[in-house]
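Let's take a friendly look at the pockets of a protein model. Have the sequence and the 3D view ready as you read.

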Amino acid sequence: MKPEIIGRSDWNQFEKIAPEVVAAMGELGKAVSNSGLEKPLTELLKIRVSQINGCAFCLQYHLNLARKLGIEAAKLDLLPTWRDAGIYTPREQAALAWAESLTLMAAQHVSDDVYQALQNEFTESEIAFLTSAIGAINAWNRIAGALQFAPPIPKSSL
């Protein structure tokens, strides 16, 4: 006889169970926010990484934030095909390539070409904070995706 399948956690449960984790991850997010990196850029990265990782909660959460920041709908819509879309700046392209490379690094080495393109667009400090932002969203994807948090759908979308 199979054991009864129990529901996985949700965001509210996780916050109650692991407040120290939420606080630590929040501090990392604040450090990135205070770094001077453009918020629209970091939101694009978080969305793209969440798409790759298949995390519905994080994807919807960061889409909601991106819309509030006024990121163009076309940039959100075409993000999975950013290389071919022709609407992303060289800075955005370098950051997106870096985000994809770091997210997929278990399957493929991060190339020197991707890093060189990043260095052409970002300072050493910015690269450190971009890398931290990408690491953080990958961690959140693994938490929210594994525990299958329900996505935060805006009431206007229902």
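Which element gives the largest share of the lining of the largest pocket? Helix H2 does, with seven residues. Keep in mind as you explore that this is a predicted model.

**The largest pocket**

The largest pocket holds about 480 Å³ of space. Its lining is made up of 22 residues, and those closest to the centre of the pocket are Met25, Lys46, Tyr61, His62 and Trp140. Try finding these five in the 3D view. Four helices each give two or more residues to this lining: H2 (19-33), H3 (39-53), H4 (56-69) and H9 (124-146).

**The second largest pocket**

The second largest pocket has about 150 Å³ of space. Among the residues that line this pocket are Arg83, Glu100, Leu104, His109 and Val114. Here helix H7 (residues 90-103) is the element that gives the most, with three residues.

The table sets out the lining of each pocket by residue class.

| Pocket | Nonpolar | Polar | Charged |
|---|---|---|---|
| Largest pocket | 14 residues | four residues | four residues |
| Second largest pocket | four residues | four residues | two residues |

**A domain from the record**

The UniProt record, an unreviewed entry, places the feature "domain: Carboxymuconolactone decarboxylase-like" at residues 19-100. What share of residues 19-100 is helix, and what share is strand? The span is 78% helix and 0% strand, and its end C-alpha atoms lie 29 Å apart.

Key
Residues numbered from 1 in each chain as written. Predicted model: local features only at pLDDT ≥ 70, side-chain atom pairs only at ≥ 80, totals over all residues. Heavy atoms only, no water. 1 Å grid on protein atoms, 1.4 Å probe; cavity = no way out; pocket = protein on both sides within 12 Å on 5 of 7 lines; lining within 4 Å. Points joined across faces, edges and corners; volume = space filled by probe spheres on them. Nonpolar A, V, L, I, M, F, W, Y, C, P; charged D, E, K, R; others polar. UniProt positions renumbered as here; feature names shortened; annotations may be inferred.
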